[in-house]
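The report below reads through one chain, moving from a single residue to the sheets and helices around it. Please keep the sequence and the coordinates at hand while reading.

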Amino acid sequence: MKEINYEFRKRYSIVHRDDRRDYSKQCPEGYVEVTSDWCITLPDAATAVLRNAARDLEDYFFVSMGISLKVIREGEWDGKQTRIAYGVDPSIKAHSYRFAVAKKEIVLCGTSDRMAAQAGYFLEDVMNLCEGPFAEICDTVRTSLFNPRMVHSGYGLDMYPTEHLLNIAHSGISSILVFVNDVDITPHGYHDFNDLCHRASQYGIDVYAYSYLANKLHPDDEGAEEFYEKLYGSFFDRCPGFRGIVFVGESCEFPSKDEHSKGIRRLDNKGPDGKPIVNNNKPHPGWYPCYDYKDLMEMISGIIRKRQPDCDIVFWSYNWSRADAQARKALIDTLPKDITLQATFEMGTNIERDGFLLPLADYNLYFPGPGFYFTSEAEFAKENGLRFYSMTNTGGLTWDVGVVPYEPAPYQWMKRYEGMIEAHERLGLSGTMDSHHFGFSPSFISDLAKWAFHYPRVDLEEKLKCIVTRDFAQEYADEVCQAMKLWSDAIGHMIPTNNDQYSPCRMGPAYPFVLFENADVEIPTVPYAHFGGNKICYPVYAFSNLRGEWFSGLIDTEEERARFDYQTENFKQARDLFNEGCEIVRGVIEKIPERKRENAMRIWGVAKFMANTAETASNIREFFKLKRGLEGASKKETNRMLDELTVICRRELDNARATVPLVEFDSRLGYEPSMEYMCDAAHLEWKIGLLCEVIEKEIPSLYQR
């Protein structure tokens with residue numbers, strides 16, 4: 001059955017699935033079975049968060065377990081009926097809840113109403129793994145390690161329908177992010193921020209503003225205080241429900257006086273003739289740890305705290321991750337002590353593999369981390385007593401393949417989880433940003449992360465096997481886990497270069513193959529896409545990377561050629577490993593219970609799409625190398641290379657055509673919230689049309705007779 005574009009949102013609006021229970025299963029020894037004789041009790045003065053949590057649990061039992069339970073007030077309980085009891089006890093450790101299962105009572109008691117709600121969601125997790133309304137007898141306190149955990153919407157850019165909020169809360173995520181251009185204005189236009197904050201609060205979710213507010217004045221400029229009072233003061237006066245605000249260099253830059261920078265905002269650095277006003281080799285202030293960010297943050301912080309004393313003001317050092325450590329430390333040493341510093345977990349890293357030095361692009365799972373930049377920032381923050389967060393992408397997705405909902409590489413994700421937990425224990429990492437604008441999609445990966453990010457610790461490999469059993473079947477769990485090991489190994493071969501992340505890996509198999517004609521090609525887009533078309537995806541394979549170095553396409557040294565070929569071969573290995581795992585899972589799907597097959601097919605489809613993306617990446621690299629080789633080649637060599645180009649193009653044509661059924665089955669494949677669709681069936685047909693022109697017209701015209 002084919003899905004039309006955006007139809008995945010119907011699935012994202014399902015909070016409780018009706019395929020969870022296996023009615024043939026009996027309650028195991030040492031477990032308690034919840035039946036329709038039970039009830040759910042609430043404190044008489046329960047908050048909206050608790051009331052919604054109880055109603056949610058009632059719906060879970062009805063839809064997922066086939067049981068009808070009544071929700072009653074504590075005062076109505078007769079003391080005899082078996083029950084699930086919600087409660088709040090502030091004496092419990094912060095960010096924790098007591099989860100106690102006895103024969104006649106299950107206690108869900110949080111240090112706050114939102115933690116009590118999390119206890120209920122955990123009960124759902126436990127029963128889903130049991131595939132029945134069973135819970136093991138226990139009495140434990142579970143503590144969330146990272147608070148907040150922030151995500152952007154995976155439903156659509158800055159779009160948070162109630163069902164998506166509920167799915168986010170069920171995943172153990174405490175906060176959402178919304179891009180803010182002005183009061184009630186996002187990149188998509190009008191958005192009622194107060195309504196969003198209110199709706200989110202009903203499910204125990206905080207809202208953070210991701211600031212696009214323009215800092216056009218230096219704090220020392222005349223009128224700066226009044227300007228920033230109007231900008232930030234008015235914002236928080238009119239939108240008091242925000243829990244915090246996130247600043248990142250490229251979005252919060254200002255006209256710095258630091259001599260290491262251009263001293264002018266990037267967006268202001270254009271004269272009437274379109275040429276730069278300041279044209280030197282220094283970075284714009286958004287890309288350097290300018291000393292006077294301290295002055296800017298002091299001014300903004302003071303203005304915000306007059307309105308909201310406990311606002312979480314997050315300063316994210318992403319854009320200067322490769323700056324000298326001492327320059328970064330000099331700024332951190334002077335920052336206000338009441339703000340939060342944030343650093344990206346794996347970025348700014350160069351690693352050596354097989355004798356090659358590999359600079360890695362940001363937002364990748366290839367390198368689990370932590371990177372030197374993160375560790376040094378964490379140490380500087382700890383030294384200065386600053387609260388410290390990290391952008392970790394642990395919602396389940398990175399830019400390794402930008403248009404999938406998550407990366408099904410659990411063993412690689414576990415390596416990241418372990419690094420984060422060590423950073424929590426040793427360096428004080430206390431909060432996370434789990435996704436950027438590619439958004440959050442609930443998946444078995446986010447389920448695994450939820451288990452990882454709580455004390456007491458669990459054996460994650462054992463828990464993964466339980467999750468795989470839930471989604472496939474116990475008798476095939478070992479086979480599927482082996483496939484997932486292959487997929488995890490595959491990620492370790494998708495070397496994240498800017499050339500690939502901003503090209504085939506950003507767009508998938510719809511990425512065009514441009515020879516010499518169509519060099520001005522525009523990727524089809526829609527007018528409401530925030531980063532649509534060519535904005536953050538380069539359709540011609542060769543461009544300047546983010547470090548300001550020009551990759552001209554001339555692989556003109558032996559070392560460069562060897563590294564280029566090494567990277568290409570790694571993409572081929574990734575393709576083969578993904579496909580090997582897909583073959584195992586495809587065989588298993590035919591044997592598992594019918595109620596599980598659709599979900600299992602979607603997991604397989606994500607991995608198969610990633611295999612096809614790795615194929616596109618390896619093909620475009622070979623295509624690119626031959627394209628450059630044509631320059632100055634002899635007649636004989638030209639014709640030989642054109643033959644080879646034809647073979648590559650036909651191989652890629654088959655790959656693109658094979659991807660069409662995948663995106664038609666799952667409309668989330670090929671989509672990214674800020675870019676909208678980049679690899680749906682229409683984009684694949686567009687790419688196929690261009691590729692056919694290259695094969696049938698352009699290449700034949702280049703043969704030398």
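Which residues does G402 touch, not counting residues up to four places away in sequence? The model is a predicted one, and in it G402 touches L397, C505, R506, Y671 and E672. G402 itself is found in the loop between strand 19 (387-391) and helix 11 (410-427), and with a relative accessible area of 0% it is buried. Its C-alpha atom and that of G689, a residue 287 places away along the chain, are separated by 23 Å.

**The barrel**

Strand 19, which precedes the loop of G402, belongs to a barrel that eight strands close in the order 9-10-13-14-15-16-19-20, with parallel pairing. From one strand to the next, the twist averages 30°. Helix 5 (residues 193-201) packs on this sheet, where it touches strand 10 (175-180) and strand 13 (206-211), and its direction makes about 175° with that of strand 10.

The table sets out pairings between strands of the barrel.

| Strands | Sense | Bridges |
|---|---|---|
| Strand 14 (residues 244-248) and strand 15 (residues 312-316) | parallel | five bridges |
| Strand 16 and strand 19 | parallel | five bridges |
| Strand 19 and strand 20 (residues 429-433) | parallel | four bridges |

Individual partners can be followed across these pairings. G244 has D312 of strand 15 as its bridge partner. A343 stands opposite S390 in strand 19, and S390 in turn has T432 of strand 20 as its bridge partner. Because four of the five residues of strand 19 are buried, this strand is largely enclosed by the rest of the structure.

T340 lies in strand 16 (residues 340-344) and, at 0% relative accessibility, counts as buried, since the cut-off for that class is under 20%. Once neighbours within four places in sequence are left aside, the contacts of T340 are D312, I313, V314, F315, R387, F388 and Y389. D312, the bridge partner of G244, is thus also in this contact list of T340.

I313 reappears in the surroundings of I304, a residue of helix 8 (residues 293-307). I304 is in contact with Y232, F236, I245, C311 and I313, again leaving aside neighbours within four places in sequence. With a relative accessible area of 0%, I304 is buried, and 43 Å separates its C-alpha atom from that of K463, 159 residues apart from it along the chain.

**The open sheet**

A second sheet is open and has seven strands, in the order 3-2-4-6-5-8-21 and with mixed pairing. Its edges are strand 3 (70-73) and strand 21 (454-455), each of which pairs on one side only. Within the sheet, strand 5 (residues 96-101) and strand 6 (residues 105-110) are joined by five bridges in the antiparallel sense, and A100 has V107 of strand 6 as its bridge partner.

Two helices can be described against this sheet. Helix 2 (residues 48-64) packs on it and touches strand 2 (39-42), strand 3, strand 4 (83-88) and strand 6, its direction making about 155° with that of strand 4. Helix 3 (residues 113-130) also packs on the sheet, touching strand 4, strand 5, strand 6 and strand 8 (138-144), and its direction makes about 40° with that of strand 5.

**Further helices**

How many of the nine residues of helix 4 are buried? In helix 4 (residues 162-170) seven of the nine are buried, and the helix is mostly covered; the buried residues are H164, L165, L166, N167, I168, A169 and H170. Just after this helix, G172 takes a positive phi of about 80°.

Helix 18 (residues 594-629) and helix 19 (residues 635-665) have axes that come within 9 Å and cross at roughly 160°. An angle over 145 degrees counts as roughly antiparallel, and helix 18 and helix 19 are therefore roughly antiparallel to each other. Their crossing is left-handed, and by class the contact of helix 18 with helix 19 has 13 nonpolar, seven polar and eight charged residues.

Definitions and conventions: Residues are numbered from 1 along each chain as its sequence is written. This is a predicted model: local features need pLDDT of at least 70, side-chain atom pairs count only at pLDDT 80 or more; totals for chains, interfaces and linings use all residues. Side-chain values use heavy atoms; hydrogens and water are left out. Buried means under 20% relative accessible area, exposed over 50%, partly exposed in between (1.4 Å probe, protein chains only). Axes are lines fitted to C-alpha atoms, for helices over the stretch in contact, and angles run from 0 to 180 degrees between N-to-C directions. Angles under 35 degrees count as roughly parallel, over 145 as roughly antiparallel, 65 to 115 as roughly perpendicular and the rest as oblique. A crossing is left-handed if the near helix is turned anticlockwise from the far one by less than a right angle, and right-handed if clockwise. Ala, Val, Leu, Ile, Met, Phe, Trp, Tyr, Cys and Pro count as nonpolar, Asp, Glu, Lys and Arg as charged, and the others, Gly among them, as polar. Contact means heavy atoms within 4.5 Å. Two strands pair if DSSP finds at least two bridges between them.
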